[in-house]
Amino acid sequence: TSGYMASDGVTLIDSNTYTQSIWVKGSGTVTLKFQEEGGDFTLYASKSIELTTEWVKHYLTGIKGSDSNPARFVIDDVESTDEVYIYSAQLQNGAGVFSDIYTNGAAVTRQADEVTGAVASFNDTEGISKYSSFI
């Protein structure tokens, strides 16, 4: 099917910088988006990626708008001929390239960033963003 996949809304601090990382593979070209959920769906940042058959970790950094609405992360521009696999989505406070934070039985080598509000949007033991199916 064609369309997009979007995370549940996450309450973030207006005007702060955030980085979403996600492992992706497949075929086709899609767009990663960081945008307002609701309102006029203001686009904070976007990045076009060409999918490959190998897992590649992609990063998208943007500044949360001053709109007082939750934010969401979107994989958009999915065509019916595309094949998209996603794994280990992670949201970080700040700009930069971050390592994955695994919390199941291993020591964490740095303090995990925090996201306030909408805790149900994340798996509380793994920090993995929960994406809906194609719409």
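**Note on the E5-E2-E7 sheet and two residues with positive phi**

1. In this predicted model, Lys25 has Tyr85 of strand E7 as its bridge partner. The pairing behind this contact joins strand E2, residues 17–27, to E7 in the antiparallel sense, over 9 bridges.

2. Strands E2 and E7 belong to an open sheet of 3 strands, arranged in the order E5-E2-E7 with antiparallel pairing. The edges of the sheet are formed by strand E5 (56–63) and strand E7 (83–93), each of which pairs on one side only. From one strand to the next, the twist averages 25°.

3. Strand E7 also holds a backbone feature that deserves attention during review. Ser88, located in strand E7, has a positive phi of about 55° although this residue is not a glycine. Is Ser88 buried or exposed? With a relative accessible area of 10%, Ser88 is buried, because the cut-off for that class is under 20%.

4. A second residue with positive phi lies in a loop. Phe41 is placed between strand E3 (29–36) and strand E4 (43–50). Its phi is positive, at about 55°, and Phe41 is not a glycine either. The relative accessibility of Phe41 is 38%, so Phe41 counts as partly exposed.

5. For the reader inspecting the backbone, the two sites may be set side by side. Ser88 is in a strand, E7, and is buried; Phe41 is in the loop between E3 and E4 and is partly exposed.

Methods
Residues are numbered from 1 along each chain as its sequence is written. This is a predicted model: local features need pLDDT of at least 70, side-chain atom pairs count only at pLDDT 80 or more; totals for chains, interfaces and linings use all residues. Side-chain values use heavy atoms; hydrogens and water are left out. Two strands pair if DSSP finds at least two bridges between them. Helices (H or I, at least four residues) and strands (E, at least two) are DSSP runs, numbered from the N terminus. Axes are lines fitted to C-alpha atoms, for helices over the stretch in contact, and angles run from 0 to 180 degrees between N-to-C directions. Buried means under 20% relative accessible area, exposed over 50%, partly exposed in between (1.4 Å probe, protein chains only).
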